[in-house]
Protein chains: 2
Amino acid sequence: MFSSFKLTDAEREALNAISTRIHRPAKRRVYTQGEPGNHIYRIRSGAVRLEHHMKDGRNQIFAFLWADDMFGTLEGGMYHTSAITLVDTYLFQISCSALKGLVEVYPRIQALFLQQALDYAKTAERHLLLATCPLVIKRLAGFLLECTRQKDFFDRQSNILTLAMDRKDIADYLGFAIETTSRTLKELEDMGLIQRLSSQRIKIDRDRIGAFV
Amino acid sequence: MFSSFKLTDAEREALNAISTRIHRPAKRRVYTQGEPGNHIYRIRSGAVRLEHHMKDGRNQIFAFLWADDMFGTLEGGMYHTSAITLVDTYLFQISCSALKGLVEVYPRIQALFLQQALDYAKTAERHLLLATCPLVIKRLAGFLLECTRQKDFFDRQSNILTLAMDRKDIADYLGFAIETTSRTLKELEDMGLIQRLSSQRIKIDRDRIGAFV
DNA sequence: CGAGGTTTTGACCCCCTTCAACTTACGTGG
DNA sequence: CCACGTAAGTTGAAGGGGGTCAAAACCTCG
């Protein structure tokens, strides 16, 4: 219901005026869980993972984020996740206080954030559906299928998917052990649903994977 | 950052003007997955579950909702979950089109929805953390602890929790089998963390459960 | 009292975790 | 260019936690 919202030129310019462009190489922290902060971020290009680690040592990845996604929600002035780049990434950094002021002038900008929040919620639901599949092979198959949505990392001509994340990231996202990632990829390959070209490059039979999930 | 937002009297009245009050007994549908619709809902009193069922027969509960929570997000004009009351429930029903018009006049009302969306996203994250615990006993313990947040269903004096949902609901929320719900409740009782007074009423040792999770 | 649904308990089996070893990929320095 | 070291990925074996199937106990309502 709040979808397909577009900013006017004036609104977009005002937003750009309070944004600074920053850059992070692959595998660098944007911020760390528990750290105080007052910036939110928008991905210009690249990819980021949001992870939450708990006292028992478990490390749950909440989401992989891609171009145009926003992140940096604060809880009591502190980040409740860590944000870490997967690949070379360019970001917009926006000060919360400046943003608050801007929203007073251009209240319609809120719709942009509402849209982002709803998108994030929907993504979280899809994530839950994946992570609670009783069989890990279905989790992984569904995950690979989701990855093919990212145009920057999936070539529709050759059906080759480039994984921006490593085996541990996949395991932490889907809630299983790192060894299971390897084993299950092999299983998918044995079933002829995928073909491992290298550890990060995978050729995907989207139709058969789609039918399998 | 967008928390603690309050509507003005005028805004609240305008919102009430387009809301109709409706009532559902326990275990009745508010709407069904796949059904077209153009209403969103806010719980005045009672409780609702949002569930998503898939072709493989699995039934995943996305959330239990309580007083003041909103629900009814549409995807392409259709509900992508079913909403079903757990107990006798009173609701506000708001027409999307009327709401769209209202937002034009009172853009600040969007903040209310933004806040709800962020709350929902945060709840979804906590849900994921629960549902991916490697041991089901930690999932269930954490779930019971979450339930004690709802003042309407937990009495702080006696430490008695009234479960609004049945065993299958809990299983579908946490991603395990219905039998596991029973077995694990028994295990928690054997450990002295809870005491089953009846199938729906449980006395909880919040401190020990909190330490256990 | 009997019927139907919900909850509980038991027995068996399999999927996934854990622990360990091995292989591969990659970058640095000789 | 090769040798080496470290990190990432893969493979194997063993053990256990939770699923499934089946049946019993319990509760509610006609």
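**Exercise 1. Work out how strand β12 of chain B is paired, and place the pair in its sheet.**

Step 1. Strand β12 (residues 160-162) and strand β14 (residues 201-204) of chain B pair in the antiparallel sense over 3 bridges. Strands here are DSSP runs of type E with at least two residues, helices are runs of H or I with at least four, and both are numbered from the N terminus. Two strands count as paired if DSSP finds at least two bridges between them.

Before going on, please note that this is a predicted model, in which local features need pLDDT of at least 70 and side-chain atom pairs count only at pLDDT 80 or more, while totals for chains, interfaces and linings use all residues. Residues are numbered from 1 along each chain as its sequence is written, chains are lettered from A and ligands numbered from 1 in the order in which they are written, and side-chain values use heavy atoms, with hydrogens and water left out.

Step 2. For a residue-level anchor, take B:Thr162, whose bridge partner in β14(B) is B:Arg201.

Step 3. Now widen the view: the open sheet has 4 strands in the order β11-β12-β14-β13 (chain B), with antiparallel pairing. Its edge strands, each pairing on one side only, are β11 (154-155) and β13 (194-196) of chain B.

Step 4. Add the helix: α6 (residues 178-190) of chain B lies across β13 and β14 of chain B and runs at about 120° to β13(B). Such angles run from 0 to 180 degrees between N-to-C directions, with axes fitted to C-alpha atoms, for helices over the stretch in contact.

**Exercise 2. Find the strands that pair with β3 of chain A, and name a residue pair for each.**

Step 1. β3 (residues 39-45) is joined to β10 (residues 89-95) of chain A by 6 bridges, and the two run antiparallel. Here A:His39 stands opposite A:Ser95.

Step 2. β3(A) also pairs with β6 (residues 70-71) of chain A, again in the antiparallel sense, over 2 bridges. In this pairing A:Arg42 faces A:Met70.

**Exercise 3. Describe the salt bridge of B:Arg108 and say which parts of the chain it links.**

Step 1. The partner is B:Glu11, and the closest N and O atoms are 2.9 Å apart. The criterion is a side-chain nitrogen of Lys or Arg within 4 Å of a carboxyl oxygen of Asp or Glu.

Step 2. The pair links distant parts of the chain, 97 residues apart: B:Arg108 sits in the loop between α2 (96-105) and α3 (109-131) of chain B, and B:Glu11 in helix α1 (residues 9-17) of chain B.

Step 3. For the whole structure, the count over all chains is 14 salt bridges.

**Exercise 4. Characterise the interface of chain A and chain B.**

Step 1. Start with contacts (heavy atoms within 4.5 Å): 35 residues of chain A touch 35 residues of chain B.

Step 2. The buried area is about 3200 Å², with carbon and sulfur atoms giving 72%; this is the accessible area (1.4 Å probe) lost on putting the two parts together, summed over both.

Step 3. Count the salt bridges between the two chains: there are 0.

Step 4. Ask which elements contribute: β5 (59-65), β7 (74-75), α2 (96-105) and α3 (109-131) of chain A each give two or more residues to the side that touches chain B. α3(A) gives the most, with 15 residues.
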